[in-house]
Amino acid sequence: MIANYHTHTPRCNHASGAEEKYVQCALDAGMQILGFSDHTPYPFPNGYYSTFRMRPEELPDYVATVETMRKRYAGQIQIHLGVEAEYYPGFFKEMVQMVRDQGIEYMLLGQHLLYDEIEGIGTGAPTADRVLLKQYCDQTIEAMYTGLFTYFAHPDIMNFVGDGQIYRQEMGRLCRAAKACGVPLEINLLGMQLQRQYPAPRFLEIVAEEGCQVVLGVDAHKPQELLDKQMQAQGRELAERFGLEILQTVPLIHI
């Protein structure tokens, strides 16, 4: 890998390691591009705070720290400033304006919950409910058509255990939208490392059939994960198994 755009920081409450350590590990791994994309703050009403994303008041320090790394390592590695964001239609415009005002360059789509976070349903719990699968696809398709997302992180996170034909129908619809929007789909290496339900071979089969673009994402929550060449090789092997060509770099969609 010469580029990784999916990198977290301790502000999300489930990652560790200083930003500079991530940069140093990326350099040691031979990377040319490192994008930070911690879980975006969301301006929720009534004082609600998420437990797995940075708070709005932490955003300026996040921006300042990454900008410091960009200047310090100029000429050695390209550093980009992004966020990973769910698409919550009721709060999306306010979130985009908030991160845009702070100088965030790009967003990755990572839909961890359906509907919205306050009353939503997690995508990781096994479900055979086709309504929830359809909601996941509807919501993320609408997100891609905003034209604001650089790529779709772990698009196969939805843990649907119901009818296989329904899965192919709905996820095929998602893949066709990704292709139409020019949004690459991520093969998530953290999911592979932790043996989660993603990356899912049945999904990658659909990705190949629909001719979508793919990218490897470390989804780094610890700096040393950027050094895991074995996991990168397994990601490449998985892509090759389905005849998928991995994009080495992706153009940033500036928000």
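This report covers the overall fold and three residues of a predicted model.

Residues are numbered from 1 along each chain as its sequence is written. Local features need pLDDT of at least 70, side-chain atom pairs count only at pLDDT 80 or more, totals for chains, interfaces and linings use all residues, and side-chain values use heavy atoms, leaving out hydrogens and water.

**Overall fold**

The protein has eight helices and nine strands. Both are DSSP runs, numbered from the N terminus: helices are H or I with at least four residues, strands are E with at least two. The C-alpha trace spans about 50 × 45 × 30 Å along its principal axes. The radius of gyration is 17 Å, which agrees with the value near 18 Å for a compact globule of 255 residues. That radius is taken over C-alpha atoms, and the globule rule is 2.2 Å times the number of residues to the power 0.38.

Of the 255 residues, 56% count as buried. Buried means under 20% relative accessible area, exposed over 50%, and partly exposed in between (1.4 Å probe, protein chains only). Among contacts with a separation of 6 or more, 78% join residues 24 or more positions apart. Contact means heavy atoms within 4.5 Å.

**Three residues**

| Residue | Place | Relative accessible area |
|---|---|---|
| Valine 23 | helix α1 (residues 19-28) | 0%, buried |
| Aspartate 116 | loop between β5 (113-114) and β6 | 22%, partly exposed |
| Threonine 123 | loop between β6 (121-122) and α4 (130-144) | 0%, buried |

Start with valine 23. Beyond four places in sequence, valine 23 touches Leu34, Phe36, Met69, Tyr73, Ile77 and Ile79. Proline 56 is 33 residues from valine 23 in sequence, and their C-alpha atoms are 24 Å apart.

Aspartate 116 comes next. Its side chain reaches the backbone nitrogen of glutamate 119 at 3.0 Å. Such a polar contact is a pair of N or O atoms within 3.5 Å; within protein, one must be able to donate a hydrogen and the other to accept it, and residues adjacent in sequence count only if both atoms are side-chain atoms. Leaving aside neighbours within four places in sequence, aspartate 116 is in contact with Tyr88 and Phe91. Proline 89 is 27 residues away along the chain, with 7.9 Å between its C-alpha atom and that of aspartate 116.

Threonine 123 is last. A polar atom of its side chain lies 3.3 Å from the backbone oxygen of glutamine 111. Residues up to four places away aside, threonine 123 touches several others, including Gln111, His112, Tyr136, Ile157, Asn159 and Gln197.
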